[in-house]
Every structure is written in structure tokens, then in C-alpha cells.
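These are my notebook entries on one structure. I record what I looked up, entry by entry.

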Amino acid sequence: MQTVYLAEGSLARIPQIFQQLGAVRTFLVVDEVAYNLSGAAAQLRQFLPPDAITLFSGFEPNPKIEDVQRGVAKCRAADPDLVLALGGGTAIDLAKMIASMSRHEESPRDIVLNGISLSQGTLPLVAIPTTAGTGSESTHFAVVYVDGQKYSVADPCLLPCVAVVDPELTYSVPPRMTAATGLDAFCQAIESIWAVGATDESVAYATSAATLAFEHLPAAVNAPTPESRHAMSLASHLAGKAINISKTTLPHAISYAITADYGIPHGAAVATTLSSVLAYNFGVSKSDCADERGTTHVRQRLLLILDILKAATVEQACHQIEAFVSSLGCNPTLASAGIQTDESLRVLASRVNPARLSNNPRMASQEELFSLLQGRKTVSTGSRRDIVPTKATAG
Ligand SMILES: [Zn+2]
């Protein structure tokens, strides 16, 4: 079970949290820019005696195994009572791996490459997000790159025991980063609704998250208010809780190569294919349905997304998504991002992560992926009336 403090000023709870956990010595994993800009550094210095802190920073976006190894060595030497993570997804994911892998004899590289279970558990981990995006503070997995290859480490012990979500820490995040991280939360929520791994519980989290982000992200980017920042912190946290159960799907699976090859930030990269995949998934049929609950069930979930987007048809829903992404100053399609030659699209299609693909409700061949990436929105069932499930078509 995780304890969550989500409110303006909740960072001030740190002394109380330390007391409850009986912690004195801290291993602090921080994104230094966020640490200083957010005002967290100044606040934490009041609470924590400097000689009780070991600071770990100096890593690049997207966690690398070398950073985990460096962190594990430093953490073992410091022998802390707890690990405190402060930053975006990279800092929190690194902290998850450092807190658990420092308790394991095997090297981080071996643990990741050989899928060694984290049976020795973890040091207590407190996560403090400074972006409203990944929701990493509420998931039990962490992303790490080994020799340029992306891996996802999953273990129940990776879920931080405490999450401190203080929207005030996001006030200084610039518009472009607010857009990209907020889009990550929005896409995670939308994908979570249609995911094969979705449950009623995850769909409830995801529906709230997507609704909040759709309503408040444009303001958080273009004219931020405390209200829009709060809504996005909550959306991000709930989207994290949703994918913690359901995991992500096709737009995420495609996005990693887009980020690696074209340098488009994670959330913005995911958003470039979201409307195409929505249209594609609406065309689900008995022969290509990956969800054993059947096509009627999948369509019911997709109708929820139409409700969130206030759209009557699939075409309208796709249009709504693209207008939403554009309003944030991001590219709503691959073509608008300048990725449109057949050759580059075929390369992208060939690099899709199969594990994430299998969680998409409609299966896709390489050829189907290629035409989806071309932006061809071929849906067999266009209007809401057509897709409302009936008893006769159940399953
Ligand atoms: Zn994501």
C-alpha cells in the first residue's frame, strides 16, 4: 500500500514522513534543474540536516544502466535509511532501481538483462514528482536503457511507499515541457482505457485522468493557473495508477523509436499516433481482437473515450485529439512532425515493442502498422449509432 499526499504545500510533510519511517540518513536522487527551479531545494534544506543527505544527480533524461550502477555503488557506500526521489520520470525511475538493486548482490545490468526478481525488496522510497506527466510515483515499474535498448523492470517492490504530489513544484515548468509531460499523462490515460490489461478499477482512474487533462492541459500550457496545475498533477497521478494496472499500448510502443530517432520528447512522441490508433482500434473485428472479453467489450471502452472527448463519431474524436495536441504547440500526427517517407515509416513499424503491442485491443500486422503510421484512418464503423453494441453482436 502506498501513502499519497496530494495537495499544494504537501512537501512540508517531509519531516513527518521521515519521523513515521524512522529515517534519518537520506539518499537523495534529484534532477538538479528541477530541484532548484521548483523551490524544493530551498524547502528541503530547512527540513534535512546537510550531513544526513547524500546527493545523487548528474544524469541525462531517460535512465541509463550506467547511472543505476553509479547510483547503487554510491547508495551502498552511504548506507541510508531511505531513498528520496525528486524530479520527473527519469529521477523517480532511477531512484526505484537504486533503492531496490542496492539490496541485491547481482549487478543492475544482470538483473535487467536476465530478468532476476527483486526478491530482497527495497529501501523505503519516497517519490516527489516535479512534473505533471509520467505518474511514475504511482507505478511499480521503471524504464532503463541498456546499450541503447529500452527495458522495463517490473516488481511490486518498485512502487514508492510514499508519494508526495505537490502541484506547486510544477509551477516553474516551462510551457513546452508542460505540454510534453501533460500529453504523456493524457495518452497514458486514453491507452489505459482500451488496454487489454484494463480492469474496472483502472478504467475509473484513467477516465478521471483523461477528462482532467483534456479540460485543463491547454490552460496549464498557455496560461497556467493554480487550478490547472493542480488538475494536471492529479491527472498525472491517476494516469500512473491506471497504467500501473493496465500498462500502455500501441502509441507508447511506437513512441520509443520516434523519441530515439527524431529527438521528440516522450509525451509529444506518443501523441503523434494517438488519433490514428484510436481510429484503427475502432475497426476491431472478431478475427483481430486481442482482448478475450470480445469486440463488444472493446467498443464499449472506446465509446467511453468518445464521451471524454465530447465526440459523436470516431472521426470527430480523432479531430478533437488532433486539435487538442495542436493547441499545446505539439505535432498531432507523424506527417506534421515531418516523418512521412515510406522508408522512415517502415523503419518505425519494424521497431515496435512487441510486449506493448500485445496489450493493444486490436492486433496489427507489420503492413497494418505501416498504413496506420501513414495516417490512414480506415474505420469500418463510423458513427456512434453503428458502434453501440447490441446483444446480437456480443462477443
Ligand atoms: Zn509514457
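**Entry 1. Positive phi values.** I began with Lys 247, which is partly exposed at a relative accessible area of 35%. Lys 247 sits in the loop between helix 9 and helix 10. I noted that the model is a predicted one. The phi of Lys 247 is near 65 degrees, a positive value in a residue other than glycine. Most residues other than glycine have a negative phi, hence my interest in this position.

I then turned to Asp 147, another non-glycine residue with a positive phi, here about 50 degrees. Asp 147 belongs to the loop between strand 6 (141-146) and strand 7 (149-154). Is Asp 147 buried or exposed? I found a relative accessibility of 60%, so Asp 147 counts as exposed, the cut-off for that class being over 50%.

**Entry 2. Ser 246.** I looked up Ser 246 and placed it in helix 9 (residues 226-246). Ser 246 is buried because its relative accessible area is 2%, and buried means under 20%. Which residues are in contact with Ser 246, leaving aside its neighbours within four places in sequence? I listed Ser 192, Ala 195, Gly 197, Ala 198, Ser 202 and Asn 359.

**Entry 3. The zinc site.** I inspected the donors of the zinc ion next. Coordination is by OD of Asp 184 and by NE2 of Gln 188, His 252 and His 266, at 2.1 to 2.7 Å. Along the chain, the spacing of the donors reads D-x3-Q-x63-H-x13-H. The pair Asp 184 and His 252 links distant parts of the chain: Asp 184 is in helix 7 (residues 175-194), His 252 is in helix 10 (residues 250-262), and 68 residues separate them. I found both Asp 184 and His 252 buried.

Why is the arrangement of the four donor atoms around the zinc ion irregular? The angles they subtend run from 86 to 160 degrees, whereas four donors count as tetrahedral if all angles lie between 85 and 135 degrees. For reference, I wrote down that the ideal angle for four tetrahedral donors is 109.5 degrees.

**Entry 4. Strand 2 and its partners.** I examined strand 2 (residues 26-30) and found five of its five residues buried, so the rest of the structure largely encloses this strand. Thr 26, Leu 28 and Val 30 point one way from strand 2, while Phe 27 and Val 29 point the other way. In a regular strand the side chains alternate between the two faces of the sheet.

I traced the pairing of strand 2 as well. Strand 2 runs parallel to strand 3 (residues 53-56), and four bridges join them. Phe 27 has Thr 54 of strand 3 as its bridge partner. With strand 4 (residues 82-87), strand 2 pairs over five bridges, also in the parallel sense. The bridge partner of Val 29 in strand 4 is Ala 85.

**Entry 5. Helix 5.** I checked the span of helix 5 (residues 89-101), which has 13 residues. From first C-alpha to last, helix 5 reaches 18 Å, close to the 18 Å expected at 1.5 Å a residue. I found 13 of its 13 residues buried, so helix 5 is largely enclosed by the rest of the structure.

**Entry 6. Annotation.** I consulted UniProt, where an unreviewed entry places the feature "domain: Alcohol dehydrogenase iron-type/glycerol dehydrogenase GldA" at residues 3-167. Over residues 3-167 I recorded 33% helix and 24% strand, with the end C-alpha atoms 17 Å apart.

Note on methods
Residues numbered from 1 in each chain as written. Predicted model: local features only at pLDDT ≥ 70, side-chain atom pairs only at ≥ 80, totals over all residues. Heavy atoms only, no water. Donors = N, O, S within 2.8 Å, 3.2 Å for Na, K, Ca; no water. Tetrahedral: all angles 85-135°; square planar, octahedral: opposite > 155°, others 65-115°. Helix = DSSP H or I, 4+ residues; strand = E, 2+ residues; numbered from the N terminus. Buried < 20%, exposed > 50% of the residue type's maximum accessible area, 1.4 Å probe, protein only. Contact = heavy atoms within 4.5 Å. Pairing = 2+ DSSP bridges. Expected span 1.5 Å × (residues − 1). UniProt positions renumbered as here; feature names shortened; annotations may be inferred.
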